[in-house]
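Please open the structure in your viewer and keep the selection tool at hand. The stops below take one selection at a time and say what is to be found at each.

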Amino acid sequence: MRRSKAFGLAALALIVAGAAVADEAAVKYRQNNMKAIGGHTQSIVALVKGEVSFNDQLEAHARALAETTAFTKAVFEKEAMIDDSTASPEIWKNWDDFAAAADEMQLAAEEIAAAAAAGDQGALRKGVVRLGRSCKSCHDDFRVE
């Protein structure tokens, strides 16, 4: 009887440890996704402001941004937290609001991609402003420092 109880506790410990490792991997993946979004956004902003002259790379950054923002809801779907996570528990308490914010970010990114492909500077600037508002809104409501 003692062996089966000990075995049960050991199995439970392995399950809990496995879940912690899975949470850590999910959070790290989620953080990398958000860093990619930030990186493409910062590159686009630098190009739009004329701070750098790699204009031939604008469309690629815009496409990558649009493609990466499409993953946002999926990478946050599972509630997973680790010590260095800045995701707020409000994400999962108010999933519909978070999902709407993620959709807005994706629409703004798609607007930027379309404007970059068309070479429309006015629409590109408008999309960057829309994206900035979207990011700020989500960070204000769903991110902790």
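**A salt bridge in α2**

Begin by selecting Arg63 and Glu59, which form a salt bridge whose closest N and O atoms are 3.6 Å apart; a salt bridge here is a side-chain nitrogen of Lys or Arg within 4 Å of a carboxyl oxygen of Asp or Glu. The model is a predicted one, in which local features need pLDDT of at least 70 and side-chain atom pairs count only at pLDDT 80 or more, while totals for chains, interfaces and linings use all residues. Residues are numbered from 1 along each chain as its sequence is written, and side-chain values use heavy atoms, with hydrogens and water left out.

Arg63 and Glu59 are four residues apart in helix α2 (residues 58-69), so about one helical turn separates them; helices (H or I, at least four residues) and strands (E, at least two) are DSSP runs, numbered from the N terminus. An α-helix has 3.6 residues a turn, so residues three or four places apart point the same way. Arg63 counts as partly exposed because its relative accessibility is 43%, and Glu59 is likewise partly exposed, with a relative accessible area of 34%. The classes are buried for under 20% relative accessible area, exposed for over 50% and partly exposed in between, with a 1.4 Å probe and protein chains only.

Now extend the selection to the whole of α2. The end C-alpha atoms of its twelve residues are 16 Å apart, which agrees with the 16 Å that they should span at 1.5 Å a residue; the expected span is 1.5 Å times one less than the number of residues. The buried residues of α2 are Leu58, His61, Ala62, Ala64, Leu65, Ala66, Thr68 and Thr69.

**The chain as a whole**

Zoom out to the protein chain, whose secondary structure comes to six helices and zero strands. Of its 145 residues, 32% are buried. Among contacts (heavy atoms within 4.5 Å) with a separation of 6 or more, 69% are between residues 24 or more positions apart. The chain exposes about 9100 Å², of which carbon and sulfur atoms supply 57%, with areas taken from the Shrake-Rupley method with a 1.4 Å probe and, for residues, only the protein chains shown counting as cover.

**Helix α5 and its links to α6**

Select residues 95-118 next, which are helix α5: its 24 residues reach 34 Å from first C-alpha to last, close to the 34 Å expected at 1.5 Å a residue. Its buried residues include Phe98, Met105, Gln106 and Ile112. Just after the helix comes Gly119, whose phi is positive, near 70°.

Which residues are linked with Arg130 in a network of salt bridges? They are Glu104 and Glu111. The closest N and O atoms of Glu104 and Arg130 are 2.6 Å apart, and this pair links distant parts of the chain, with Glu104 in helix α5 and Arg130 in helix α6, 26 residues apart. Glu111 and Arg130 meet at 2.7 Å, N to O; Glu111 also lies in α5, so the pair ties together parts that are 19 residues apart in sequence. Glu104 counts as partly exposed at 28% relative accessibility, as does Arg130 at 27%. The structure holds nine salt bridges.

**The aromatic cluster**

Keep α5 visible and turn to the rings, since a search of the whole structure finds three aromatic pairs. Rings of Phe, Tyr and Trp (its six-membered ring) pair if their centres lie within 6.5 Å, and planes under 30 degrees apart count as stacked, over 60 as edge-to-face and the rest as tilted. Phe98 and Phe142 form an edge-to-face pair, 5.4 Å centre to centre with 90° between the planes. Phe98 lies in α5 and Phe142 in helix α6 (residues 121-142), so the pair ties together parts 44 residues apart in sequence. Phe98 counts as buried at 2% relative accessibility, and Phe142 counts as buried at 8%. Adding Phe76 and Trp95 to the selection shows the cluster that ring pairs link together with Phe98 and Phe142.

**Last stop: Arg30**

Finally, select Arg30, which lies in helix α1 (residues 2-48). Arg30 is buried yet has no salt bridge, and the nearest side chain of opposite charge, Asp84, is 8.0 Å away; for charge, Lys and Arg count as positive and Asp and Glu as negative, whereas His and the chain ends are not counted. Leaving aside neighbours within four places in sequence, the contacts of Arg30 include Val75, Phe76, Met81 and Trp92.
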